[in-house]
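Please open the model in a viewer and keep the selection tool at hand. The tour below proceeds by selections, each followed by a description of what is there.

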Amino acid sequence: MDYDKFKPYIPLSETKYPKVYLDVPSFLGSKVVSNKHELKDCDIAILGVPWEGELTWGSWSGCELAPMYIRKASLRYSGYIPEFNIDILEHYNLCDYGDVCIERGNTTKTFKNIYNKVLDILEENATPIAIGGDHSITIPIVKAIVDHGYNPLILHLDAHYDSMPSYKGNRYARCCPIRRLVDEDEVNPENIFQVGIRGPRNAKVQYEFAKEKGIKVYTIWDLRNNGSETLIKQVIDRSKETDGVYITLCMDVLDSSAAPAAAGDPLGLTSYELINILMKIVNKVKLLGMDLVELYPPIDVRNMTSHLAVWIILYTLAATIHC
Ligand SMILES: [Mn+2]
């Protein structure tokens with residue numbers, strides 16, 4: 001072995017890294033891109049969306065801090081996944097497109113800003129990975145995916161249906177995105193898979209909406225009783241009628257023991273189960289984009305949920321690479 005060529009793994013925290021703003025590093029120390037035209041050299045674009053709109057329970061959740069915390073957690077890692085001997089950074093030009101400009105209290109303007117940034121990424125042939133933020137951000141992101149010309153399969157991983165008609169009159173609250181995708185973004189509901197659904201924080205009207213529209217629902221019991229292979233196979237089969245998969249991931253699909261900085265719903269997936277499902281699907285189906293939402297750093301334990309979010313992104317990307 002030529003030891004001169006051996007480069008030891010150096011955590012980004014021991015090196016100089018690009019910053020998105022203040023002391024916040026870019027995701028995985030990737031190149032910071034601030035205008036659309038620089039995106040043309042980029043394959044995967046990270047986009048922070050620090051938006052907390054409607055509060056549907058309790059007080060401020062702090063989800064707007066997640067883009068910062070996840071980027072800081074990413075300093076601990078390289079792009080190398082030894083189990084598969086894949087280095088993501090050898091295959092992809094990763095870049096960080098910064099944060100979407102948030103217009104405090106103004107959903108319309110903020111959604112427009114989110115839509116424009118995602119469209120920038122798509123128009124330069126990169127894949128957007130958005131870090132929320134609350135779950136309403138999926139509405140303008142998928143709108144951009146659809147307007148760009150993609151017919152997506154929506155893989156929605158969540159404890160909750162997130163398909164309320166509105167919340168106190170707000171149709172763009174965090175509990176509404178799946179219904180908006182169907183009634184505004186013209187996503188075929190039969191191309192929507194809702195996975196990990198469970199628990200008494202769901203309403204019967206949401207169960208009925210899924211049934212009436214033909215949305216495919218896999219509750220936690222379906223996954224545990226039949227294994228996840230049935231789901232994986234059905235998603236891969238159905239994806240043949242679409243242009244690829246868009247993943248929207250609410251962190252509470254995970255059990256609260258795996259993701260303490262989420263809504264705190266028990267009976268959820270383990271981190272292994274979730275990452276296994278994501279990897280097996282994106283290994284066979286083109287990844288059109290992804291969002292991670294509803295991560296609340298102020299209630300985290302040792303930042304473990306932010307670290308897990310980085311792992312989810314890295315393993316998902318690794319599985320899209322075919323050596
Ligand atoms: Mn949820």
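**Leucine 155 and the core**

Select leucine 155: leaving aside residues up to four places away in sequence, it touches Phe193, Val195, Val235, Val245, Ile247 and Ile281, a contact being two C-beta atoms, placed from the backbone, within 7 Å. The model is a predicted one, in which local features need pLDDT of at least 70 and side-chain atom pairs count only at pLDDT 80 or more, while totals for chains, interfaces and linings use all residues. Residues are numbered from 1 along each chain as its sequence is written.

Next, widen the selection to the largest nonpolar core, which has 100 residues. Such a core is a set of buried Ala, Val, Leu, Ile, Met, Phe, Trp, Tyr and Cys residues joined through C-beta atoms within 7 Å; buried requires 20 or more other C-beta atoms within 10 Å of a residue's own, exposed 12 or fewer, and partly exposed lies in between, with C-beta atoms placed from the backbone. Leu155 is among the residues with the most contacts inside this core, together with Ala45, Leu47, Val245 and Leu295. Helix α10 gives the most to the core, with 10 residues.

**Helix α10**

Select residues 304-319, which form α10. Helices (H or I, at least four residues) and strands (E, at least two) are DSSP runs, numbered from the N terminus. The 16 residues of α10 reach 22 Å from first C-alpha to last, close to the expected 22 Å, where the expectation is 1.5 Å times one less than the number of residues. Because 13 of its 16 residues are buried, α10 is largely enclosed by the rest of the structure.

**The sheet**

Now display the open sheet of 9 strands, with parallel pairing and the order β3-β7-β4-β8-β13-β12-β9-β10-β11; strands pair if DSSP finds at least two bridges between them. At the edges stand β3 (31-32) and β11 (216-219), each with a single partner strand, so one side of each has no neighbour in the sheet. Strand β3 pairs with β7 (residues 94-99) in the parallel sense over 2 bridges, and valine 32 stands opposite aspartate 96 in β7.

Add helix α3 (residues 107-123), which packs on the sheet and touches β4 (44-49), β7 and β8 (127-132). Its direction makes about 175° with that of β4; axes are lines fitted to C-alpha atoms, for helices over the stretch in contact, and angles run from 0 to 180 degrees between N-to-C directions. Then add helix α8 (residues 229-239), which packs on the sheet against β9 (152-157), β10 (192-197), β11 and β12 (244-250), its direction making about 160° with that of β9.

**Loops**

In the loop between β8 and α4 (138-147), select glycine 133. The peptide bond leading to it from glycine 132 is cis, with omega near 10°.

Move to aspartate 162, in the loop between β9 and α5 (177-183). Although not a glycine, aspartate 162 has a positive phi of about 50°; it is buried, with 27 other C-beta atoms within 10 Å.

Glutamate 294, in the loop between β13 (287-293) and α10, has a positive phi of about 60° although it is not a glycine. Is glutamate 294 buried or exposed? With 26 other C-beta atoms within 10 Å, glutamate 294 is buried.

Finish at lysine 240, in the loop between α8 and β12. Lysine 240 is exposed, with 8 other C-beta atoms within 10 Å.
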